[in-house]
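Subject: Structure for your review

Dear colleague,

Please find below the structure that I am handing over to you. My notes on what was found in it follow.

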Amino acid sequence: MKFRGLAGAVLFLGLQAATTQAPASRHLLVDFPFAYMPKHLWARELVWLKNIGVHAVAAPGAPPELITLAGEAGIALEQPDTKAARISALDSGALMKSRMAVHNRQQVIWTDVESEVSPVFKRGAVSLEGAEDPSLQVLRREALLWGYWSSVLEMGGAEDTTVAGLYLAEQRFTNIASAMSLLNTSSKVWHGSVTAGIGSVGKKVIISDVTVPAHDSLLLPVDVAFTDPAFCRFCTGMSNSERLLYATAELTAIEYENGILSFEFFAPAAGYAVLQLERQPEGPMLAAGHPIAFDWDPDAKRARLPIPSGTGAGQRVRIAIAMTGPDHVASFVDTHAMVAGQTNHIITDYSPPDIAARSRLILPEGWQAENTAKPGRVEYSIQVPANRLHGDHAELRIETDGLTISHTRVQLLKPVSIHVAQAECVHFGPKAELKTDPPLITVEAPSGRNIEVQLRNNAPEIRTFQVEMKADGLEFSPERSEITIGASMEREISIRVFSSHSTAGVHSGYVRVSGAANQEKALRFAVMQRGASVSYLTDLLDVAGEQRVWENTRVRAVFSKTDGGRWLELYWKPSGKSLLPADGIAISKPVNVELRGDELVISGASGLPAIPAMENVTVGVKREGLVTSYKVAERDTASPATKP
């Protein structure tokens, strides 16, 4: 029974994400071009950066709103060094450039991470919708590396070694840990041995069977003491002589909890780790969630642990080994996401039961909790501050007799998420789009339309909400409704918008949720009369200023200024085609614009370009002096045999 419990605990630990929280390293910064990003994406992107391990961004001249958001996200705003290396996240050679900057002790600023919309659309490695380009695996990897190894890489001494077939082999060392950096700039996989110094015993060791992929790099851990909390979290039960001697994969985390020692690696190929210990581990061992055998040398007191090759795009793998049966075990029961601004309930379980009275729950600063003790169990009611950002994470720990014996990482969510399915998007070419926020919904008068409001209950229990929608000059049915939504589930409400007495243009409104949670989301309704075009000013990009929109039920054209500026979008609604290039079209002089049915007429500028034909859509161009007309139409794609 004892080993069955240990195996379950090892499995649980082996599946946890690394949660090492390092101080902000000034070596790795991400460029945060806030002035060119939609404001409503600032919080989302700061939270995402923190969640992947980035602790600092470069945002010179940040406004107070961004400074506040960065503080709430736990992201430092740093002034970049003038000699910093700027590396594009979209660069196929980004990893090697980053590792050379490590070698040269240069600060690195990662650029092209965020997509920009103003004044010209610029694609970043993170799309406007939040999707990640595969190239971002390099930044994720480097963020983990610097979060764990910053003290060694920034302050450690260095010793270069010549290794045949490698461009660079350098060992960085401190009195607590060291690391061997290997760079393979060739187009072939390198496999061989390297020699590293083990400072704790004053000897050199040959690390064999090391594999470095082509155009890649590895930072091998060497002589990492388990007693230092910067390298081994909660390793209070380890002796001064116990350490990770070396491994053939890139180490990003070590933890010790409930008698279980766990490691996380970047492992492009299968390898091994060698531990110096004071006693033989009791086992079992798990690697990538599966039981696996390990070797023990009783004379040298060394354990050799196999490391499977990493899986997924990140090539990460976790291994864990039970060192000894713990005297005390504590765990979080049924951990779930927590709701900001409300009371959340967490249950902790203890074995033996009497340690519950000697244990306490460690919460983030500013959190409040009340508890109810039961035999072998404590139930907590936790008040999460309302200013915690949606999607962020927090760590909860259980301490017994002053030692951490269990921890968990929970996601923080706002009580309810509101989305409007019919919210319009601004399209940048055929592959990028920005959903408007506040949502802009087009409505034809006098017929009106149906819209669907999607509500997600982020709480772990069933909740009932009241939903109300209002807008100037518009009517809604139902104007107010009630909906019950299951735990962490989503439901949709259909609402009819009546516009028979509405004037053309933009009408401000809102959708308000009350009951189990109180939240309000601003809305905009663009009303257009049937068969007519409308022109209006509104901010679609959420950057700075308003854009001029010409629109009817078939065509929408968006310009950065009333008199032209940059032509941002020409959208053909019948087939959902965005007809302009992603960066739009620059208009050098003031112009007049008019939308006549399917024809957009621009007067006062010469030399406006033709628009490349899209699949099944033709844009005809007619020029007469300083007047250029763009006529949009569907192409006839029927074959002669099918024509009437």
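A helix here is a DSSP run of H or I with at least four residues, and helices are numbered from the N terminus. The model is a predicted one.

Helix α4

In that numbering, α4 covers residues 94-103. Just after α4, R105 adopts a positive phi of about 55°. The helix itself is mostly covered, with seven of its 10 residues buried. The buried positions in α4 are A94, L95, M96, S98, R99, A101 and V102. As general background, an α-helix has 3.6 residues a turn, so residues three or four places apart point the same way.

Strand β39 and its partners

Strand β39 spans residues 519-529, and eight of its 11 residues are buried, so β39 is largely enclosed by the rest of the structure. Strand β38 (residues 505-515) runs antiparallel to β39 and is joined to it by nine bridges. The connection from β38 to β39 is a hairpin of three residues. Within this pairing, V511 has K521 of β39 as its bridge partner.

β39 also pairs with strand β32 (residues 440-445), in the parallel sense and over six bridges. Here I441 stands opposite F525 of β39. In general, strands of a sheet pair through backbone hydrogen bonds, either parallel or antiparallel.

A four-stranded open sheet

Four strands form an open sheet in the order β46-β47-β49-β48, and their pairing is antiparallel. The edges are held by β46 (592-596) and β48 (617-624); each has a single partner strand, so one side of each is left without a neighbour in the sheet. From one strand to the next, the twist averages 15°. Inside this order, β47 (residues 599-603) and β49 (residues 627-634) run antiparallel and are joined by five bridges. One of the paired positions is S603, whose bridge partner in β49 is V627.

Cavities

How many cavities of 30 Å³ or more does the structure hold? There are three cavities at or above that volume. The second largest has a volume of about 50 Å³. The residues that line the second largest cavity are M37, P38, L41, R44, E45, E114, S115, V126, S127 and L128. By class, this lining comprises five nonpolar, two polar and three charged residues.

With kind regards

Notes. Residues are numbered from 1 along each chain as its sequence is written. This is a predicted model: local features need pLDDT of at least 70, side-chain atom pairs count only at pLDDT 80 or more; totals for chains, interfaces and linings use all residues. Side-chain values use heavy atoms; hydrogens and water are left out. Buried means under 20% relative accessible area, exposed over 50%, partly exposed in between (1.4 Å probe, protein chains only). Helices (H or I, at least four residues) and strands (E, at least two) are DSSP runs, numbered from the N terminus. Two strands pair if DSSP finds at least two bridges between them. Axes are lines fitted to C-alpha atoms, for helices over the stretch in contact, and angles run from 0 to 180 degrees between N-to-C directions. On a 1 Å grid over the protein atoms alone, a cavity is a set of points where a 1.4 Å probe fits but cannot get out, and a pocket is an open set with protein on both sides within 12 Å along at least five of seven lines; lining residues have an atom within 4 Å of a point. Grid points are joined across faces, edges and corners, and a volume is the space filled by probe spheres set on the points. Ala, Val, Leu, Ile, Met, Phe, Trp, Tyr, Cys and Pro count as nonpolar, Asp, Glu, Lys and Arg as charged, and the others, Gly among them, as polar.
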